[in-house]
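Got your viewer open? Let's take a walk through this chain, one selection at a time.

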Amino acid sequence: MEYTSGAASWQKVLRRAAAGLLPRRGRQRRPGWSIGVPLIAVAAGLIFTTSATTANGTALREDRRPQLNQLIEDRREQVAASERRAATLRGEVEQRTSSLAGSDGPIKAQQDRAQGSLQAAGFTALTGTGVTVELNDAPRRSDQTPTDAKNDDLVVHQGDVQAVVNALWAGGAEGMSIMNVRVLATSAVRCVGNTLLLHGRVYSPPFKIVAIGDPAALQQALASSEGVRLFKGAVDDYQLGYKETVSTVTVPAFEDSTALRSATVPR
């Protein structure tokens, strides 16, 4: 057994303690992990915070198409209720006007004058020989669809409907309806996507346009229209739908508001 002095023992203890405090030469640490881990943690926290703010207490992955369909249906019901209310008010106005006409000469004269212009203005239904034109989107992509065809090439656009309407007016149409809704010279035809917006209501294809008049003149006007010819060319290229028939047809009376927001006196 080896004995050492007290001073030598304390020196060994101090050397061992100092050696323990010094860094060991093990495997060299990778500085990339020491920097990357905090950055990943910060990015993850930012993503979680953004998702929570965007969700605002709702599920981000929830399918909201049923909500959109319900919203559209609610708006349609509101429009229908407003139209019924407007029709009731127009009936009350006409009833009171008729009552006053019995005792007021000037009112009766104006009423008789208005009654004589109802048909020309489009406020009465018409029945006669005419032309019916149907425009439809192309069927879903198939082997016959050109490979370079775009989605816009496969649907009916506002310009296509407007070209048919303008051609029928130019051909001497006495009355016209689109989707069984009477249209006048002041009616605006607009398309939203592949749907038609007419007098505040939305319609889906196929779009049916009916015009009363001389069938030969109407068909000649359609054949002479550049816009209609372009659409017929797209029918051959992209399988769009175009059908033109002659028969006895009926167009309903105009039932929407007759108020004009602006007008210009012709010179």
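## A guided tour, starting at α7

Start by selecting α7 and whatever sits around it: the cover over this helix's buried residues includes β1, α6, β7, α8 and β8 (241–251). Keep in mind as you click that this is a predicted model.

Now colour Pro215, Leu218, Ala221 and Leu222, which are the buried residues to look for in α7. Turn the view until you look straight down the helix axis: the buried residues of α7 fall within an arc of 130°, so they line one face of the helix. Which exposed residues does the face turned away from the buried side of α7 carry? Select Ala216 and Gln220, and you have them.

**Zoom out for a moment**

Show the whole chain as a cartoon. You can trace eight helices and eight strands. The chain has 267 residues, and 24% of them count as buried. Its accessible surface comes to about 19,700 Å², with 54% of that belonging to carbon and sulfur atoms. What about contacts along the chain? Taking those between residues at least 6 apart in sequence, 71% join residues at least 24 apart.

**Into the core**

Next, go for the largest nonpolar core, which has 34 residues. The ones with the most contacts inside it are Val161, Val164, Leu168, Met176, Ile178, Ile209 and Leu222, so select those as a set. Then add the elements that give two or more residues to this core, including β1 (126–136), α6 (158–170), β2 (175–178) and β7 (207–212). Which element gives the most to this core? That would be α6, with six residues.

Stay there and click on Val164. Setting aside neighbours within four places in sequence, Val164 is in contact with Val133, Leu135, Ile209, Leu222 and Val228. Apart from the big core lies another one, of five residues; to find it, select Leu126, Val210, Ile212 and Val251, which are among them.

**One more stop on α6**

Asp160 is also found in helix α6. Is Asp160 buried or exposed? The cut-off for buried is under 20% relative accessible area. Asp160 has 18%, so it counts as buried. Show its surroundings: leaving out residues up to four places away in sequence, Asp160 touches Leu135, Val155 and Phe231. Then try your distance tool on the C-alpha atoms of Asp160 and Leu230, which are 8.6 Å apart in space and 70 residues apart in sequence.

**Backbone oddities**

A bit of background for this part: most residues other than glycine have a negative phi, and most peptide bonds are trans.

Select Asn180, in the loop between β2 and β3. Asn180 is not a glycine, yet it has a positive phi of about 65°. It is exposed too, with a relative accessible area of 58%. Now draw a line from Asn180 to Pro252: they are 72 residues apart along the chain, but their C-alpha atoms are separated by 6.9 Å.

Hop to Gln239, in the loop between α8 and β8. Gln239 is another residue other than glycine with a positive phi, near 65°. At 26% relative accessible area, Gln239 is partly exposed.

Then pick out Pro205 and Pro206 as sticks. The peptide bond that joins Pro205 and Pro206 is cis, with omega about 5°. You'll find Pro206 in the loop between β6 (201–203) and β7.

**A short helix and its contacts**

Move to helix α5 (residues 118–121), where you'll find Gln119. Not counting neighbours within four places in sequence, what is Gln119 in contact with? Select Thr124, Leu126 and Arg182 to see its partners. You may remember Leu126 from the five-residue core. Glu174 is worth adding to the view as well: it comes 55 residues away from Gln119 along the chain, and the two C-alpha atoms are separated by 9.8 Å.

**Last stop: the surface**

Finish on helix α3 (residues 65–101), the home of Leu68. Switch on the surface and select Leu68, Leu71 and Ile72: they make a nonpolar patch of about 250 Å². Leu68 counts as partly exposed, at 48% relative accessibility.

Key. Residues are numbered from 1 along each chain as its sequence is written. This is a predicted model: local features need pLDDT of at least 70, side-chain atom pairs count only at pLDDT 80 or more; totals for chains, interfaces and linings use all residues. Side-chain values use heavy atoms; hydrogens and water are left out. A nonpolar core is a set of buried Ala, Val, Leu, Ile, Met, Phe, Trp, Tyr and Cys residues joined through side-chain atoms within 4.5 Å. Buried means under 20% relative accessible area, exposed over 50%, partly exposed in between (1.4 Å probe, protein chains only). Helices (H or I, at least four residues) and strands (E, at least two) are DSSP runs, numbered from the N terminus. Contact means heavy atoms within 4.5 Å. Patches are made of residues with over 30% relative accessible area and no salt bridge: like charges are joined within 9 Å, nonpolar side chains (Val, Leu, Ile, Met, Phe, Trp, Tyr) within 5 Å. Accessible areas come from the Shrake-Rupley method with a 1.4 Å probe; for residues, only the protein chains shown count as cover. A salt bridge is a side-chain nitrogen of Lys or Arg within 4 Å of a carboxyl oxygen of Asp or Glu. The arc is that of the directions from the helix axis to the C-beta atoms.
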